[in-house]
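User: I'm new to this one, could you walk me through a few parts of it?
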Amino acid sequence: MTEPRVLRRRDAEFPQLLAAIHDPPRELYLRGGGTPEQLSYPAVAIVGARACSGYGRSVARSLARELAAAGLLVVSGMARGIDGEAHRGALEGGGITCAVLGCGIDRDYPAAHAELARRICERGLLVSEYEPGVEPAPWRFPARNRIIAGLCHATVVVEARERSGALITADFALEEGREVLAVPGEITSALSGGTNALLRLGATPVTGAGDVLEVFGLSPAQEVRTSVGSAAESLLRNLREVALTADELVRMTGIDPAQASGALVELELARLITLEDGVYRASV
Amino acid sequence: MLARAVTQTLVGLEPRKVEVEAHLQPGIPGFAIVGLADRACQEAKHRVRSGVVSASLEWPLNRRITVNLAPAALRKEGSGFDLPISLAILAATRQLPPERLADHASVGELALDGRVRPVAGTLAVAEGARRGGLRRVMCAAESAPEAALAGIEPIPVRHLAEAVAYLRGEIDAPAFEPLSAQELEVQGGADLADVRGQERARRALEIAAAGSHNLLLAGPPGTGKTMLARRLPGILPRLSRHEALEVTRIHSVVGLLPPERPLVTEPPFRSPHHGASAPAVIGGGAAPRPGEVSLAHRGVLLLDELPEFSRSVLEALRQPLEDGVVAVARVGGHALFPARLQLLATMNLCPCGGRGDPAVECGCSAQRLAAYREKLSRALLDRFDLAVAMPRPRALELAAPPGEESAAVRERVVAARQRLYTAPPRRTEEASELLSSAVDRLPLSGRGRVRVARVARSVAALAGSAVVESGHVAEALSYRMPAELPSS
């Protein structure tokens, strides 16, 4: 591994937004192919629960994809669940993403995301305020969250329980006067308890990538919609109303199962839908 | 006084000729069996002695009896030596003509009243006898149809007295009923018509059958994963004569053949419990015995609740899945067991089983979920060509009309196999392009690409198409391993 670079607070490249928070880190360790200037790009944090639903994963991924494609730096914490999906989505969108770690810069935590870390590093950055060798510890993650919020103009909470760590990130963002947005979830699902509470407190609801881009004064990336076949169109119409399994789609549209499977892949390749645990959802 | 009978013992599945020599000499009465005989074999002394007396034959008194099982260095096991040992002793005491034993192999266990009982592995013994140039094999009446499969004349005997009478030439060889074609007809197993809904999973099952692909079914409990899996053998083509003999030999050695159906004509179906040990699944033991993978040879091995199997079993599975054969090396010998099988596995989407079920909220922590899924190594999941998520059907689906019957599906599978064998469809340029773009856009590796291409070929063959079109590739892509599971 190449020697991690260090960015000190007095360096010109130290991101100004982060320097402006209540207790900015004295130094930042950087790893990856990205440049330190990337940290000063217009950035959005996409955070949420580790244990999340298929809906949360799907939204995090397609949202990150749209936002990264529109030119925003997508920042998250590389945790399992929503965080990981946010990074993956940004990579899919061909954008740049930055992961803020709660452990030493040389560690890939969680280990299952080592491959993800490698992909982030290709063009983006891993960032940590901890020197190499520091072990991950529970109390380091809230501290890490202040950096995530600090780097970004806006923080989007995708899915969070009432007492999720993602809400800590939202709190930091609010304290620093940054924008906080939340993705509405089902009111009956405990997984959406935290995000729905944020909405009640006045967070901006996210109903599409446009809502986030508006905060940055950007317009959505020019939509070049891939044309899909008629069977695919008909499936998509149904999915725009509600998430469904392949069998339910077959039943509702009367399309032959073999053909429907092919059409669903067509939609997936066109990035118009996502698949989680056998359930298909329209992208945001 | 010396006499010798011929039989066969098995090393793994391979028969080896064994000469049973009986030598009687005056001296202190005694009865010894030498030649690396195992416990069951040693106990033959008591059965043979009682059997001979019960058959109203004379047990040599005041004689020292030595029975040698040659070659002496080869380990012998089982109770099949009872009959040859008693015949050799009777020939040594000239109660039957010794020369008659030279062209009869014999195998069978004796009851204390002299009846002859069937033993496991009769088919392999009969095959060994035929290869050794013998024309007849004497065995229990129940085993005769099985022995006849080896292309040798069986001499079915019910009792030791009957065997002796035949060898003395007092009676003709007892008759036996060869297998009638009717007996080989299959009794109807579980039918696909019972499965309502789950159209996609049914379709995947059909494709898996057509291309002999390994299939993984993932979904919450109660969605019919196991029910569907059990119906795979019913849509596979029947075994050819050659395959049937291969399978029958293995099942015979383990003693699994039902006497009324000695020839296995349907693809076997095995589903070991997830507590099974590696030797039980793969094969092994001090004297190597075939495991579940070999019992599923030319058929289906279902691993229900795949992540519950021990890691050592799952890792040991990779080699037979790749090579189609299990090599068991032991101090006592070396054995090869065929294991060309189709693997079917089911799993829940999470340890609590709630995931993928709209009615239940999954309570698994992220770590627990990751640990559950990481138990399946990438290398193992790479062996599955198709994966289908089976979410819980809603009420609407259960009310669906019964599905298509197995027989109709089997016809399509047979036709597709024929096509794959004679003229495998080739990809069109368009289809290749779609495959390449999928590699770019989906998490799909080079190996994954090969698997998708293989499945696409089966899809095309099922459709009766001479070429693999992009639609076929698209469908094949929909059965790739879900991104949530570690796979390349």
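User: What comes right after H7(A)?
Analyst: Helix H7 of chain A (residues 193-200) is followed by A:Gly202, whose phi is positive, near 110°; helices here are DSSP runs of H or I of at least four residues and strands are runs of E of at least two, numbered from the N terminus. This is a predicted model, in which local features need pLDDT of at least 70, side-chain atom pairs count only at pLDDT 80 or more, and totals for chains, interfaces and linings use all residues. Residues are numbered from 1 along each chain as its sequence is written, while chains are lettered from A and ligands numbered from 1 in the order in which they are written.
User: Which residues of H7(A) are buried?
Analyst: They are A:Gly194, A:Thr195, A:Asn196, A:Leu198 and A:Leu199, where buried takes 20 or more other C-beta atoms within 10 Å of the residue's own, exposed 12 or fewer, and partly exposed lies in between, with C-beta atoms placed from the backbone.
User: Switching to chain B, why is S1(B) largely enclosed?
Analyst: Strand S1(B), residues 2-11, has seven of its 10 residues buried, so the rest of the structure largely encloses it.
User: How does S1(B) pair with S2(B)?
Analyst: The two strands pair in the antiparallel sense over 10 bridges, where pairing requires that DSSP finds at least two bridges, and B:Gln8 stands opposite B:Lys17 in S2(B), residues 14-26.
User: And what is in the turn of that hairpin?
Analyst: Two residues separate S1(B) and S2(B), and B:Gly12 in the turn has a positive phi of about 65°.
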